[in-house]
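Me: I've got a new model open and I'd like to learn how to read it. Can you take me through it one feature at a time?

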Amino acid sequence: MDLTAKVSAQPDAAPIEDLPDAWHWSRVIFNFDAILTPDRQHALEMRVMGRYDPALARAVLQFARKRSEQIVSSDRPLVVLGGFTCPGWLFDTVAAVGPSVHDNHAQDDPGLHQRTWTLFPGYRCEFSGTETEDEAVDLFRRTLQPTKLDRAPVPFVKMRYDNTRTKSRSVGPDRGLASLSVLLNELSLLDGAAGSWVEWENRLGTVLKAETGPTTGLSLSSATGTQKVTTEELLRLAEQSVLHADEST
C-alpha cells in the first residue's frame, strides 16, 4: 500500500512545512495531522476537535515518529510514551492506540485504517501501560476525550466495592475503570456501614482495600499491612495513591 498517496489524498490535505511525510487537513470542527513512520508502512494520526494548536500537533507527530518502532512493534492496544513536552502545555505523555481501538478511516478505507495508529497528548497519571483492549476502548472512546486539548487529567483508577448500607455494589469479581470522584464518594460512605468495603488499584498496579468491620471500625489494607483510619485520613490517602502513585505505598 502506498501510504504517501493514501494520506496525501485526504480532502484538502497539505504538506506540513519542514516536516517530511506529514500532512494537515481540516473538516468542519476537526483538524487532522498525520505523519508516516520512517519505513512508510504506518500512519500516525492526530485528530483535534475545537481549539487547535499547530505547534502542539507538530510536537506530537515528531515525538511519536522518533519512537514509532516502540508503537508499531507493540502487541498492546494502547502504547504510552512518556517524556513529552511542548511549551505552553502541561501534557507529559503521548498515547497511541491501534486499529482495534480507534475507527479512523474504518468506513471509507479499511486498508488505511489497519495501517493507522491514532495519537493524542495526555498525562502519565491517566495510564497504566497495561490496559486490556476493552480498557483501551473505554479510555479512548468515553473517558479521556482524546480529541480535546482543553481537558483536565483523568487519573487512572480501577475499583470494586460493596456497601451494605446503601446496597450499592460493583458488578462481577474484577476491578473496573472508574473515576477518582466515584472512588472518593464510595470511600466516604464506608464509616458505620459494617461489612462494607472498597478495593482499588492505581496505575502502577498497587491494590488497596478499605473496609468497615463490625467491631474494628474503618481500616485500610495494602501490601505493607493494615491500619485503622478516619474517613478524612482515608480520603487523603486514597487521593494520594491515585494522583501520586510513584510516591505512594
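**Reading the model, starting with the pocket**

Reply: Let's begin with empty space. The largest pocket holds about 240 Å³. Keep in mind that this is a predicted model.

Me: How does anyone find empty space in a set of atoms, and which residues lie nearest the centre of the largest pocket?

Reply: The general idea is that rolling a probe the size of a water molecule over the atoms shows where empty space is left. Here, 15 residues line the largest pocket, and those nearest its centre are Asp103, Asn104, Phe140, Pro146 and Thr147.

Me: Which element supplies the largest share of that lining?

Reply: Strand E7 does, with three residues. E7 (116-122) and helix H5 (133-143) are the elements that each give at least two residues to the lining. Sorted by class, the lining has six nonpolar, five polar and four charged residues.

Me: H5 has come up, so how do I read a helix? Which of its residues are buried?

Reply: Start from the geometry: an α-helix has 3.6 residues a turn, so residues three or four places apart point the same way. In H5, the buried residues are Glu135, Ala136, Val137, Leu139 and Phe140. Phe140 is also one of the residues nearest the centre of the largest pocket.

Me: What do the buried residues of H5 pack against?

Reply: Strands. They pack against E5 (78-82), E6 (93-97), E7, E8 (158-162) and E9 (176-177). Just after H5 comes Gln145, with a positive phi near 50°.

Me: That's a lot of strands. How many helices and strands does the chain have?

Reply: Seven helices and 13 strands. For sheets, write down the strand order, then look at the edges. One open sheet has seven strands in the order E1-E2-E3-E4-E7-E6-E5, and its pairing is mixed. At its edges stand E1 (14-15) and E5, each with a single partner strand, so one side of each has no neighbour in the sheet.

Me: And inside that sheet, how do I follow one strand to the next?

Reply: Follow the bridges. E2 (residues 22-27) pairs with E3 in the antiparallel sense over six bridges, and Ser26 has Asn31 in E3 as its bridge partner. E3 then pairs with E4 (residues 43-49), also antiparallel, over seven bridges; there, Ala34 has Glu45 in E4 as its partner. Further along, five bridges join the antiparallel E6 and E7, with Gly122 of E7 as the bridge partner of Thr93.

Me: What about the turns between those strands?

Reply: Count the residues between the strands and check phi. The hairpin of E2 and E3 has two residues between its strands, and Val28 has a positive phi near 55°. The hairpin of E3 and E4 has six, and there Arg40 takes a positive phi near 60°.

Me: Why is E3 described as largely enclosed by the rest of the structure?

Reply: Because six of the seven residues of E3 (residues 30-36) are buried. For the chain as a whole, buried residues make up 46% of the 249 residues.

Me: What is the strand order in the six-stranded sheet?

Reply: E9-E8-E10-E11-E12-E13, in an open sheet with antiparallel pairing. E9 and E13 (225-228) are the edge strands, each with a single partner, so each has one side without a neighbour in the sheet. Two bridges link the antiparallel E8 and E9, and Lys158 has Leu177 in E9 as its bridge partner.

Me: Can we zoom in on one residue? Is Thr226 buried or exposed?

Reply: Exposed. Its relative accessibility is 58%, and the cut-off for exposed is over 50%. Thr226 sits in strand E13. Leaving out residues up to four places away in sequence, Thr226 touches Ser219, Leu220 and Ser221. Its C-alpha lies 9.2 Å from that of Lys209, which is 17 residues away along the chain.

Me: Last one: how do I read the chain as a whole?

Reply: Look at its extent, surface and contacts. The C-alpha trace spans about 70 × 35 × 35 Å along its principal axes. The chain exposes about 12,200 Å², of which carbon and sulfur atoms supply 50%. Of the contacts with a separation of 6 or more, 51% are between residues 24 or more positions apart.

Notes: Residues are numbered from 1 along each chain as its sequence is written. This is a predicted model: local features need pLDDT of at least 70, side-chain atom pairs count only at pLDDT 80 or more; totals for chains, interfaces and linings use all residues. Side-chain values use heavy atoms; hydrogens and water are left out. On a 1 Å grid over the protein atoms alone, a cavity is a set of points where a 1.4 Å probe fits but cannot get out, and a pocket is an open set with protein on both sides within 12 Å along at least five of seven lines; lining residues have an atom within 4 Å of a point. Grid points are joined across faces, edges and corners, and a volume is the space filled by probe spheres set on the points. Helices (H or I, at least four residues) and strands (E, at least two) are DSSP runs, numbered from the N terminus. Ala, Val, Leu, Ile, Met, Phe, Trp, Tyr, Cys and Pro count as nonpolar, Asp, Glu, Lys and Arg as charged, and the others, Gly among them, as polar. Buried means under 20% relative accessible area, exposed over 50%, partly exposed in between (1.4 Å probe, protein chains only). Contact means heavy atoms within 4.5 Å. Accessible areas come from the Shrake-Rupley method with a 1.4 Å probe; for residues, only the protein chains shown count as cover. Two strands pair if DSSP finds at least two bridges between them.
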